[in-house]
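Visitor: I would like to learn how to read the packing inside a protein model. Could you take me through it one feature at a time?

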Amino acid sequence: MINNRKQLIKEFIAFYKIKNHKEIPNASLIPENDPTVLFTTAGMHPIVPYLLGQKHPLGKRLVNVQRCIRTQDIDSVGDAFHHTFFEMLGKWSLGDYFKKQAIEYTFRFLTQVLKLPAEKLAVTCFAGDENAEKDEESAKVWMLLGIPKERIAFLPKEDNWWGPAGKTGPCGPCTEIFYWKAKTKPLVKFNPEDKNWVEIGNDVLMQYIKNEKGEYLEAKQKNIDFGGGVERTITILAGLEDDYLSTCFSPIIKKIEDMSGKRYLIEGYKKPMRIIADHLKASIFIIADGIIPSNTEQGYVLRRLIRRTVKCGRELGIKNFTKHVALPIFEIYDDYEILKKNKNKILEEIEKEEKRFLETLEQGLKVFEKLTKGKKQLSGKDAFLLYQSYGFPFELTLELADEKNIKVDEKSYEKELQKHQELSRTATQGKFKSGLADNSEATKKLHTATHLLNQALRVVLKKPDIYQRGSNITPERLRFDFNFDRKLTNEEIKKVEDLVNQKIKEKIPVVCDFMTPEQAKKTGAQGVFDDKYGGKVSVYSAGTFSKEICAGPHVNNTSELGRFKIIKEESVAAGVRRIKAVLEN
């Protein structure tokens, strides 16, 4: 009987290894070559170039478990199944097998390995529209496997279609698998709206390519991408209806109960306990991948998660608790070396942010006193000011106002909050798309240029140990962070620029080779050699000038790049410099 995440992951990977899938590493939560997202939001992120046709060093069949962060649903956390951090089981076929085999594999794993009774399964398929045909093919495969016609629902594009992530690119129908979680016998006819049916996995069938004209064409390389949530699967296997009662969360909940003296199963305490457990888990993994609380990008999300945790602790009557509640998380995930190595730093950062926020709350209390002095009503604008500028939870404002018999204009506050959320959504819209959103020629060129820049810095500054500390590439420019302890002189900047342009003029072929990380190291390839690499890696060489481990995408020849120009060189942190550069035609 599988009852914990480690057993489930082991069985899943073993099943697909027998089917000739190669295991790929569980990648960082911070995407390496993707400026369109703040975090790795799905198992497909690290293999984006290969879904677009680039050959993977390990072949056409892949499997892994991937740690993920999704922040779109942050306000939904608190119910029984929404999470900010989760692990995703994934299998891929890159132009190898397609619908029939993919569906058969999924069905066999669920029924033979997990021992889920087939009579408690149902599926959805794509209903078809003017751009793509009804997915009768998948439905027929399910019926041959024993799923009756009454248990197959055809749903429209908003329910059973994936992609493209951007305006163009791979896309196709999905077929989602549902399990009847109730103790009662399921009804004969499947109704996807019935909450007793929970989704347990999804095969994305990348059958089409959407072009710039908006046409859906048959893809030359048809891909399969399966995703299944570890937490939800463990909950189902345990016969539970609440993820927070499963082994992925129960030790954390127990610690919160012990510290607060409150019981989880008492309704009023469920939501704050769930938020603390979820947000602390997410925070621990984000810090492990090198992020610290700040007011921008990933650091801002991390700060928000920790502060929301502290606010929920206040609701339960506890403070200075985060470090203690974090400890069971390290035990649940003791198979992550990155957590073991960074444990002290993680606990220190969480504790520091908790203390900082408690001080901010104290400031907020003083501002609250000033705003309400001699008043009978607090405007929505002032309530929002307390929330936005001092991190003051609205619930706390209401509580304090009630104590002083002051009314709060809640409608006005909601309007201010909606305005802020709309602005935030607009500002981060591009940050939460899949990495397939941009694989343009301009981005490929700039990506290749970063390799030339990196090597040029080593040559000009006479420091062979310079390496990438961060990279952000858009179709307009590249941003490259590297380790160096002083400002570059104008002469050094010009020499770097000239060297890159010389290599572009030399029309050097850019070649990709597959090899083990050990072989790559021996041949002089640049890269941070840690446990993030799998059995084989892609090594891109521009002649004898540069050689780096990278997943792409790249041009075929340096002559395609145009003229390289550095537009800015600046400091971003102690011992880290940043170069911004463009390519001109």
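Guide: Gladly! Please keep in mind that this is a predicted model. A good place to begin is the largest nonpolar core, which has 106 residues; Trp142 and Leu339 touch the most other members.

Visitor: Which helix gives the most to this core?

Guide: That is H7, with 11 residues.

Visitor: And what does tryptophan 142 touch, not counting residues up to four places away in sequence?

Guide: Its partners are Ile103, Phe107, Val123, Cys125, Ile147, Ile152, Thr175 and Ile177. Beyond this core there is a second, separate one of 32 residues, and Leu452, Ile473, Leu488 and Ile508 are among them.

Visitor: Now to helix pairs. At what angle do H3 and H4 pack?

Guide: For a pair like this, look at the angle and the distance between the axes. Helix H3 (residues 99–113) and helix H4 (residues 136–144) pack at about 40°, and their axes are 10 Å apart. Because of that angle, H3 counts as oblique to H4. Their crossing is right-handed.

Visitor: Which residues of H3 and H4 meet?

Guide: On the H3 side you will find Lys99, Lys100, Ile103, Glu104 and Phe107, and they meet Glu137, Ser138, Val141 and Trp142 in H4. By class, the residues of this contact divide into 4 nonpolar, 1 polar and 4 charged. Notice that Ile103 and Phe107 also appear in the list of residues that tryptophan 142 touches.

Visitor: Let me try H7 and H11. How do their axes cross?

Guide: The axes of helix H7 (residues 267–288) and helix H11 (residues 343–372) come within 9 Å and cross at roughly 125°.

Visitor: Why is H7 called oblique to H11?

Guide: Angles of 65 to 115 degrees count as roughly perpendicular and those over 145 as roughly antiparallel. The crossing at roughly 125° lies in neither range, so H7 is oblique to H11. H7 passes H11 in a right-handed crossing.

Visitor: What makes up the contact of H7 with H11?

Guide: From H7 come Leu280, Ile284, Ile287 and Ala288, which meet Lys345, Ile346, Glu349 and Ile350 in H11. This contact has 6 nonpolar residues, no polar ones and 2 charged.

Visitor: One last residue: is phenylalanine 357 buried or exposed?

Guide: Here you read the relative accessible area. Phenylalanine 357 lies in helix H11, and with a relative accessible area of 2% the residue is buried. Its C-alpha is 8.7 Å from that of tyrosine 390, while the two are 33 residues apart in sequence.

Methods: Residues numbered from 1 in each chain as written. Predicted model: local features only at pLDDT ≥ 70, side-chain atom pairs only at ≥ 80, totals over all residues. Heavy atoms only, no water. Axes fitted to C-alpha atoms, helices over the stretch in contact; angles between N-to-C directions. Helix = DSSP H or I, 4+ residues; strand = E, 2+ residues; numbered from the N terminus. Parallel < 35°, antiparallel > 145°, perpendicular 65-115°, else oblique. Left-handed = near helix turned anticlockwise from the far one by under 90°. Contact = heavy atoms within 4.5 Å. Nonpolar A, V, L, I, M, F, W, Y, C, P; charged D, E, K, R; others polar. Core = buried A, V, L, I, M, F, W, Y, C linked by side-chain atoms within 4.5 Å. Buried < 20%, exposed > 50% of the residue type's maximum accessible area, 1.4 Å probe, protein only.
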